[in-house]
Amino acid sequence: MSFPARRLRRLRVSEKMRELVQQTTLSPKDFICPVFVQEDLKTRVKVESMSEIERLPLDDVTDEVGTISDLGIPAIMLFGIPTQKDEVGSSAFDDNGIVQKAISQIKQNFGDKMVIMADVCLCQFTSTGHCGIIHGNKIDNDTSLDTLAKIAVSQAKTGVDTVSPSAMMDGQVAAIRNALDDKGFTDVSIMSHSAKHRSNFYAPFRDAAECAPKFGDRKTYQVPYTNAREAMMEVETDINEGVDIVMIKPALSYLDLIAETRRRFNIPVAAYSVSGEYALVKGASQLGYVNEKDITEEILYSIKRAGADMIVTYFAKSASRFLQES
Ligand code: PBG
């Protein structure tokens, strides 16, 4: 027998051969594109910490979603920035709130041609900047559940397809599912931020969405990044509560958890490649240390390879452009 017996390089000899044996694919169809819409805004505002990401006035939303749709991206994730904040986040469940207005505008213009997903959380809407309602010095989990359910129902009334709770309150999926079903919205699906970690990678987002906590941190509700089994329990709990799509967040430092979720459960798995992951790539490529397109491609492929069925990413538009070209 000649040595070496196994020559893996045989299947790397040409571009076409490499294409033939490629095991992971990436397409605009894998992406969910975040959209930030701000109440009372007249023109687009750039997000300082996230180059090329903007907050939009309501009037620009249809245009933006048109661009996203033309790129072949099937879904958006809406985040709202309200003018009024209060202790209970009332503007989040106002049927005339900024997110609700955006949803109905998009629904009217795109119908079933775009999956409208919306963040269900309180931190953009509360004066405290926390994801739940504060009583005394603590988050009141169960009162917060009622509010999260009200937000979901209000979004459903205006035409949301998928609500995406990100507050990390215990029981949020069950509370939302019950409330939606109770009001007849049995077709509205839930993509939960199931294992959302207490991560330092969210910093640029807080600039984009004005939702930094005014005191303390999110350690009493978000998953510690040291605990993989705890993350799996979060996923399992959401599945038991009737979630439709689970999410692991962030993505890049959490590929092990994406892979583990894929192996253990049959439910669709989303990964959220968060603002800090985006900012790292943008920063390094602006300094000329890495090639933005190449490194973005590698990161997104790695998230797919780990087992994600879909990726929420700020690279949705730019990556779709280069995928269409290649
Ligand atoms: C708010 C929310 C956050 C993100 C999505 N929804 C911030 C946080 O929990 O502090 C972060 C997303 C990102 O960084 O891209 N519930």
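**Exercise 1. State which residue follows helix H9 and the sign of its phi.**

Step 1: Find H9, residues 275–286. Helices here are DSSP runs of H or I, at least four residues, and strands are runs of E, at least two, numbered from the N terminus.
Step 2: Move past the helix. Gly288 follows H9, with a positive phi near 85°.

The model is predicted: local features need pLDDT of at least 70, side-chain atom pairs count only at pLDDT 80 or more, and totals for chains, interfaces and linings use all residues. Residues are numbered from 1 along each chain as its sequence is written, and side-chain values use heavy atoms, with hydrogens and water left out.

**Exercise 2. Check the span of H9 against its 12 residues.**

Step 1: Take 1.5 Å times one less than the number of residues. For H9 this gives 16 Å.
Step 2: Compare. The end C-alpha atoms of H9 are 16 Å apart, which agrees.

**Exercise 3. List the buried residues of H9 and their packing partners.**

Step 1: Apply the cut-off. Buried means under 20% relative accessible area (1.4 Å probe, protein chains only).
Step 2: Read off Ser275, Gly276, Glu277, Tyr278, Val281, Lys282 and Ser285.
Step 3: Name the partners. These buried residues pack against helix H6 (203–209), strand S11 (269–273) and helix H10 (292–306). Contact means heavy atoms within 4.5 Å.

Technical notes
Buried < 20%, exposed > 50% of the residue type's maximum accessible area, 1.4 Å probe, protein only.
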